[in-house]
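I opened the model to go through a few helices, a pocket and some buried positions. My entries follow in the order in which I looked things up.

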Amino acid sequence: MLDFTFTEEQKMLRDVARKFTDNEVRPFAAMIDEKEELPFEIITKAAELGFLGVVFPEQYGGGGFGEIGYCILLEEIARGCNSTAVTIGGHESLGAMAIYLCGNEEQKQKYLRPLAEGKLLAAFALTEPNAGSDAASMKTFATENGKSFLLNGNKTFITNGNIADVLVVFAVTDASKGVKGITAFIVEKKWNGFRAGKPEKKMGIRGSHTTDLFFENLEVPKENILGEIGNGFKVAMETLDVARVSLAAQCLGSSKEMLELSVKHANERKQFGKPIAEQQAIQFMLAEMASEIYQAESIIYRTAWMIDNNITCSRESAICKLVATETVCKIADRAMQIHGGMGYMREYPIERLYRDARVNRIFEGTNEIQHIVIARDVLKNGI
Ligand code: CAA
């Protein structure tokens with residue numbers, strides 16, 4: 001039987017996340033953007049509520065809510081502040097998720113548990129200055145050295161790069177094997193040879209930290225290999241398959257926020273002697289926004305359900321990422337149009353939400369890469 005309703009537990013999680021967002025996140029979003037700094041108390045409070053491990057099973061210190069619960073959470077938080085949602089995403093959707101999906105039992109107890117409990121923060125270090133969309137062309141190198149590997153190289157645009165305690169780092173261990181010569185490692189920031197750069201100055205999501213990382217003869221014990229030697233690219237791809245769905249949920253939250261603000265503004269703003277909501281041009285924009293939100297919402301929760309039921313969903317997750325990120329940008333544009341000159345002013349949240357939206361079509365795989373993933377799957381497996 002098809003059942004599209006949330007369980008009582010999921011509704012409770014949504015209510016707690018909404019209250020947290022209303023009281024602890026949204027009121028500070030403009031300040032976070034202005035100062036380009038996320039007060040760490042917000043992350044501490046999120047950790048206390050169990051939000052940093054909602055997606056993971058209870059046996060690893062998580063909330064046991066799975067991907068559906070996690071999408072509910074990120075959707076709510078993104079309604080209040082995209083920088084906060086991205087910081088949680090870099091930790092939970094990417095860094096900790098890679099350990100959950102590909103780590104052995106010992107690694108999960110040692111690293112995933114404190115990450116899920118919110119005692120430590122994670123990051124995912126894949127991108128390099130010359131290896132963005134073509135992730136397999138990375139140059140960071142790990143050389144075998146007795147019981148460990150020596151890591152050398154650098155990463156760029158890493159979310160949480162300078163605040164993460166634990167980082168999943170991808171490096172070449174055998175250059176002759178191409179994509180099968182890449183290995184994933186769990187790295188602790190306190191180890192010698194690790195350095196993070198300064199946070200980048202960004203257009204949007206300015207409160208989330210995005211930094212370079214540098215590794216200089218950083219010694220990683222062999223027990224910190226994540227997955228198998230030479231299997232690192234698969235670790236990255238499998239993690240991104242899951243992460244792209246929760247990123248889509250973030251975009252969904254931001255889209256809903258902008259629709260709500262637009263409805264409010266359209267009802268309050270009077271021109272030609274009546275609220276602009278009575279103008280058909282405005283109504284059409286609101287109708288398009290609502291329709292696009294419904295489409296994104298439907299595929300996101302369906303794909304989250306697939307993840308929770310261990311159904312492979314590379315194509316579906318790429319579709320979620322593509323649809324929801326294009327949606328949030330279109331909605332930001334219409335929301336700005338409905339708000340008119342006021343929307344363009346920093347005094348109103350639309351200006352920030354518009355800037356925040358744009359990166360979603362770029363990170364976690366550009367939308368051009370999503371087209372490639374979808375097309376390859378269609379050509380290989382049919383519709
Ligand atoms: N799951 C498991 N394995 C997968 C996979 C998946 N989803 N996708 C590919 N693979 C495997 C393939 O099966 C293949 O292995 P076999 O030869 O054994 O079959 C191997 O990986 C290589 O695959 P491809 O030939 O498809 O590799 P490619 O070099 O053509 O690249 C790509 C594929 C999809 C373009 C990939 O490079 C990609 O996704 N690029 C985008 C990178 C990206 O998303 N970066 C975002 C960084 S994270 C970020 O932005 C977070 C942040 O901080 C905000």
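**Entry 1: Ile300 and helix α8**

I looked up Ile300 and found it buried, with a relative accessible area of 0%. The model is a predicted one, and I keep that in mind for every entry below. Ile300 is found in helix α8. I listed its contacts, leaving out residues up to four places away in sequence: Ile300 touches Cys71, Val245, Ala248, Ala249, Leu252, Cys320 and Ala324. I also took the distance to Glu37, which is 263 residues from Ile300 in sequence; the two C-alpha atoms are 30 Å apart.

I then checked the span of α8. It has 29 residues, and its first and last C-alpha atoms are 42 Å apart, close to the 42 Å expected at 1.5 Å a residue. Just after α8, I noted a positive phi of about 55° at Asn310.

**Entry 2: the second largest pocket**

Which helix gives the largest share of the lining of the second largest pocket? I found that α8, residues 280–308, supplies six of the lining residues. The lining has 14 residues, and those nearest the pocket centre are Asp3, Phe4, Thr5, Tyr301 and Arg302. I noted a volume of about 640 Å³ for this pocket. By residue type, I sorted the lining into seven nonpolar, four polar and three charged.

**Entry 3: helix α9**

I ran the span check on α9, residues 314–344, as well. With 31 residues, a straight helix would reach 45 Å at 1.5 Å a residue, but the end C-alpha atoms of α9 are only 37 Å apart. Where does α9 bend? I located a bend of about 90° at Ile338.

**Entry 4: Ser255 and Ile374**

I next looked at Ser255, which lies in helix α7, residues 232–268. Is Ser255 buried or exposed? Its relative accessibility is 1%, so I entered Ser255 as buried. Not counting residues up to four places away in sequence, Ser255 touches Ile293, Thr327, Val328 and Ile331. From Ser255 to Ala324 I count 69 residues in sequence and 8.7 Å in space, C-alpha to C-alpha.

Ile374 sits in helix α11, residues 367–381. Its relative accessible area is 14%; the cut-off for buried is under 20%, so Ile374 counts as buried. Setting aside neighbours within four places in sequence, I found Ile374 in contact with Arg315, Ala318, Ile319 and Leu322. The C-alpha atoms of Ile374 and Ile319 are separated by 7.0 Å, with their positions 55 residues apart along the chain.

**Entry 5: Ala122 and Asn160**

I moved on to strand β1, residues 122–125, where Ala122 is placed. Ala122 has 1% relative accessibility and therefore counts as buried. Which residues does Ala122 touch, not counting those up to four places away in sequence? I wrote down Gly90, His91, Gly95, Ala96, Leu115, Asn160, Ala164 and Val166. I took the C-alpha distance for one of these, His91: it is 4.4 Å from Ala122 in space and 31 residues away in sequence.

Asn160, another of the contacts of Ala122, got its own look. I placed Asn160 in the loop between β3 (148–159) and β4 (166–172). Its relative accessible area is 0%, so I entered it as buried. Asn160 also has a positive phi, about 70°, although it is not a glycine.

**Entry 6: Glu36**

I added one further backbone angle. The phi of Glu36 is near 55°, a positive value in a residue other than glycine. I placed Glu36 in the loop between α2 (29–35) and α3 (40–48).

Conventions:
Residues are numbered from 1 along each chain as its sequence is written. This is a predicted model: local features need pLDDT of at least 70, side-chain atom pairs count only at pLDDT 80 or more; totals for chains, interfaces and linings use all residues. Side-chain values use heavy atoms; hydrogens and water are left out. Helices (H or I, at least four residues) and strands (E, at least two) are DSSP runs, numbered from the N terminus. The expected span of a helix is 1.5 Å times one less than its number of residues. The bend at a residue is the angle between axes fitted to the seven residues ending there and the seven starting there. On a 1 Å grid over the protein atoms alone, a cavity is a set of points where a 1.4 Å probe fits but cannot get out, and a pocket is an open set with protein on both sides within 12 Å along at least five of seven lines; lining residues have an atom within 4 Å of a point. Grid points are joined across faces, edges and corners, and a volume is the space filled by probe spheres set on the points. Ala, Val, Leu, Ile, Met, Phe, Trp, Tyr, Cys and Pro count as nonpolar, Asp, Glu, Lys and Arg as charged, and the others, Gly among them, as polar. Buried means under 20% relative accessible area, exposed over 50%, partly exposed in between (1.4 Å probe, protein chains only). Contact means heavy atoms within 4.5 Å.
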